[in-house]
Amino acid sequence: MNDREQQTIQLLKQIIEPNLNNDIVSLGMVRNLKLVDDYVYLKLYLGSHQYDLKGKVQAALSTLDWCKKPYIQVCNIPGVKLTLAISSGKGGVGKSTTSVNFAMALSLSGVKVGLLDADVYGPNIPQMLGLKQSEVQAIDTPLGQKFIPLEAHGIKVMSVGLLAEPERPLAWRGPVLHKIITQFINDVEWGELDYLLIDLPPGTGDAQITIVQESPICGVVMVTTPQQVALSDVRRGIYMFRQVGVPVLGIVENMSYLVDERGKRTSVFGSGGGKQIAQELSAPLLGQIPLDPRICSGGDEGNPIAISQPDSLAAQIFNQISLALIQTFNL
Ligand SMILES: Nc1ncnc2c1ncn2[C@@H]1O[C@H](COP(=O)(O)OP(=O)(O)OP(=O)(O)O)[C@@H](O)[C@H]1O
């Protein structure tokens, strides 16, 4: 890093996001910082309650005597305060299950929640929320045509699965995939939301990177299962997010254990994986979700366990995780 870059970052680090009491660089709100000749270019990822930070960045950069002009591109989703992503290193670990139940738990605590199913390879959020392939409406707005999200159990939902033909694979690749994803992120009329959760496709390919770079994601929750083979995939995922500057909020270990009628816990897929990776990569272990057939049937029937069985252990753990995140973000 050269002197000018260091000087620019030092200045930006003095700008504090008041709710989170941390600087905007450490929070991952400044990305794609480039210095070309005597100009500074950066992307500023903001929630709808944080617009005043742009003025602060502008003012800070104007004190650089060599900078002829800063170019600040604000990246945000209109009306949405916080955008969080749910990701996994590989498929089938319960990422969508976690997204849905986490959205339910957040909504039950009184905040306004939206859920964007961006899993272009296997969009199954509509089924998990009991939504059929109903016709999604689009409206004309001053910013162009926008999709109206559907509603399920008190949350707003949009899914690539609602736009595609049922049972047909979504075989988008390369630039087409990129275009569809960016349109999809920007063309939904969410209204006012406190939290927008984005269910990412599993893994660390093109689709994931596009979504992470095109949306103001201010943190990601990684979902894994306890066995050792899952860990290298999670590790890769966490490195990818850190590389693009998105903070990893923590890890959820799913299918951690079975609980018998006497309350005894038995590990099925090994134990300790989530804890191990959490320690190794200094990311908190947010919760360990049991294996429970009611989680699976709730998903199949469109009735997530967080609302259908609120007293179950799994529902309580989803609740605890959501409360911890609400406290962290302090909206
Ligand atoms: N803790 C659990 N107990 C029982 N069944 C579970 C649990 N977690 C997930 N399942 C079930 O496992 C299956 C896979 O879960 P899910 O679709 O959430 O995984 P995923 O990681 O999103 O998969 P993909 O990446 O393929 O979209 C689903 O049938 C779901 O109901």
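Modeller: Let's start with some vocabulary: helices and strands are DSSP runs, numbered from the N terminus. The model we are looking at is a predicted one. With those terms in hand, Val93 can be placed in the loop between β6 and α3.

Biologist: Why is Val93 called buried?

Modeller: A residue counts as buried if 20 or more other C-beta atoms lie within 10 Å of its own. Val93 has 25 such atoms, so Val93 is buried.

Biologist: And what does Val93 touch, leaving out residues up to four places away in sequence?

Modeller: Its contacts include Ser88, Ala230 and Asn254, and also Val223, Thr224 and Thr225.

Biologist: Gly91 sits in the loop between β6 (80–88) and α3 (95–108). What makes Gly91 partly exposed?

Modeller: Partly exposed is the class in between: exposed means 12 or fewer other C-beta atoms within 10 Å, and buried means 20 or more. Gly91 has 14, so partly exposed is the right label. Beyond its neighbours within four places in sequence, Gly91 is in contact with Gly122 and Pro202.

Biologist: What does UniProt place at Gly91 and Val93?

Modeller: An unreviewed UniProt entry gives a "binding site" there, and Lys95 and Ser96 are also among its residues. In the model, 20 residues surround the ligand, and Gly91, Gly94, Lys95, Ser96 and Thr97 come nearest. The elements giving two or more residues to that shell are α3 and α10 (293–301).

Biologist: How do you know that the buried residues of α6 line one face of the helix?

Modeller: The buried residues of α6 are Ile181, Phe184 and Ile185. Seen down the helix axis, they fall within an arc of 95°, so they line one face of α6. They pack against α5 (160–163) and α7 (206–214). On the other side of α6, Pro175, Val176 and Lys179 are exposed.

Biologist: Why is the reach of α6 (residues 174–186) called close to the expected one?

Modeller: The expected span is 1.5 Å times one less than the number of residues. For the 13 residues of α6 that gives 18 Å, and the helix reaches 19 Å from its first C-alpha to its last.

Biologist: One more, please: why is Pro70 called partly exposed?

Modeller: Pro70 has 17 other C-beta atoms within 10 Å, so Pro70 is partly exposed, as buried would need 20 or more and exposed 12 or fewer. Pro70 lies in strand β5 (residues 69–75) and touches Val40, Gln58 and Leu61, not counting residues up to four places away in sequence.

Conventions: Residues are numbered from 1 along each chain as its sequence is written. This is a predicted model: local features need pLDDT of at least 70, side-chain atom pairs count only at pLDDT 80 or more; totals for chains, interfaces and linings use all residues. UniProt positions are given in the numbering used here, feature names are shortened, and annotations may be inferred rather than shown by experiment. Helices (H or I, at least four residues) and strands (E, at least two) are DSSP runs, numbered from the N terminus. Two residues are in contact if their C-beta atoms, placed from the backbone, lie within 7 Å. The arc is that of the directions from the helix axis to the C-beta atoms. A residue is near a molecule or strand if its C-beta atom, placed from the backbone, lies within 6 Å of it.
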